[in-house]
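Thanks for coming. I will take you through one structure this morning, starting with the overall order of its parts and then going into the details. Please have the picture open while I talk.

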Amino acid sequence: MVRPLSAVRRALVAAPLAGLALAALAAAPAGADPAPAVPADVVAQVAAAVTASPATAGVPATDYAVTDVRTAAGDPGWAAAALTPTATGAATLDPATAVLQHVDGGWQVVELGTAQVGCDLVPAQLRADLALTC
């Protein structure tokens, strides 16, 4: 189920989220290969899909930035991106994660939220590829 970004408000305390992000970074094995660069056209397509999604319909696109777009090495038809509040959205939005699938020739948001995003939807190896915290 895709929750609207407008519903993703200050429900969680930022400190635990920051801790999860740091834990995810620390969990990467030493010497691990960095994720391959995502082509600029894919980054643009993912960003466009996020801003056009019904999940973000109630939120002005100027309130968040779509950043950290990544695709799964095991299946590049899966992607994830961070939604980072801008200065105009910082008072009302929490950082969020979007998971997308490439379907029928385009990217579609299949889940968006602040925690456990993609955990019940994305296969385990692809969750690791997308650096999803489950």
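From the N terminus on, the elements run α-α-β-β-β-β-α. That gives three helices and four strands in the chain. What you have on screen is a predicted model.

A few totals for the chain. There are 134 residues, and buried ones make up 34% of them. The accessible surface comes to about 7300 Å², and 62% of that belongs to carbon and sulfur atoms. Now take the contacts between residues at least 6 apart in sequence: 51% of these join residues at least 24 apart.

Next, the sheet. How are the four strands ordered? The order is S1-S2-S3-S4, in an open sheet with antiparallel pairing. S1 and S4 stand at the edges and have a single partner strand each, so one side of each is left without a neighbour in the sheet. From one strand to the next, the twist averages 25°.

Let me go through two of the pairings. S1 covers residues 64–72, and S2 covers residues 75–85. Seven bridges join these two strands, which run antiparallel. They form a hairpin, with two residues between them. If you want a place to look, find Ala 72: its bridge partner in S2 is Asp 75.

There is also a helix on this sheet. H2 packs on the sheet and touches S1, S2, S3 and S4. The direction of H2 makes about 125° with that of S1. In the sequence, H2 spans residues 40–52.

The other pairing I want to show is S3 with S4. S3 is residues 96–103, and S4 is residues 106–113. They pair in the antiparallel sense, over seven bridges. Within this pair, Leu 100 stands opposite Val 109 in S4. S3 and S4 form a hairpin too, with two residues between the strands.

Stay in that hairpin for a moment. Which residue there takes a positive phi? Asp 104 does, with a phi near 50°, and Asp 104 is a residue other than glycine. Asp 104 lies in the loop between S3 and S4. Is Asp 104 buried or exposed? With a relative accessible area of 79%, Asp 104 is exposed, because the cut-off for exposed is over 50%.

Ala 131 also has a positive phi, about 55°, although Ala 131 is not a glycine. You will find Ala 131 in the segment after H3.

Now the loop ahead of the sheet. Val 59 sits between helix H2 and strand S1. Although in a loop, Val 59 is buried, with a relative accessible area of 7%. Follow the chain on to Gly 89, which is 30 residues from Val 59. The C-alpha atoms of the two are separated by 8.9 Å.

On to charged pairs. Side chains of opposite charge can pair when their charged atoms come close. The structure holds one salt bridge. Arg 70 forms it with Asp 68, and the closest N and O atoms are 3.1 Å apart. Arg 70 has a relative accessible area of 13%, so Arg 70 counts as buried, the cut-off being under 20%.

My final topic is the cysteines. A disulfide is a covalent bond between the sulfur atoms of two cysteines. The count here comes to one disulfide. Which two residues does the disulfide join? It joins Cys 119 to Cys 134, with an S to S distance of 2.1 Å. The pair links distant parts of the chain, 15 residues apart. Cys 119 is in the loop between strand S4 and helix H3, residues 124–129, while Cys 134 is in the segment after H3.

Why is this disulfide called left-handed? The torsion about the S-S bond is about -100°, so the disulfide is left-handed. How accessible are the two ends? Cys 119 is buried, at a relative accessible area of 13%, whereas Cys 134 is partly exposed, at 49%.

To recap: an open sheet of four strands, with H2 packed on it, plus one salt bridge and one disulfide. That is the end of my part.

Key:
Residues numbered from 1 in each chain as written. Predicted model: local features only at pLDDT ≥ 70, side-chain atom pairs only at ≥ 80, totals over all residues. Heavy atoms only, no water. Buried < 20%, exposed > 50% of the residue type's maximum accessible area, 1.4 Å probe, protein only. Contact = heavy atoms within 4.5 Å. Areas by Shrake-Rupley, 256 points an atom, 1.4 Å probe, with all protein chains shown as cover. Salt bridge = Lys/Arg side-chain N within 4 Å of Asp/Glu carboxyl O. Disulfide = S-S within 2.5 Å. Pairing = 2+ DSSP bridges. Axes fitted to C-alpha atoms, helices over the stretch in contact; angles between N-to-C directions.
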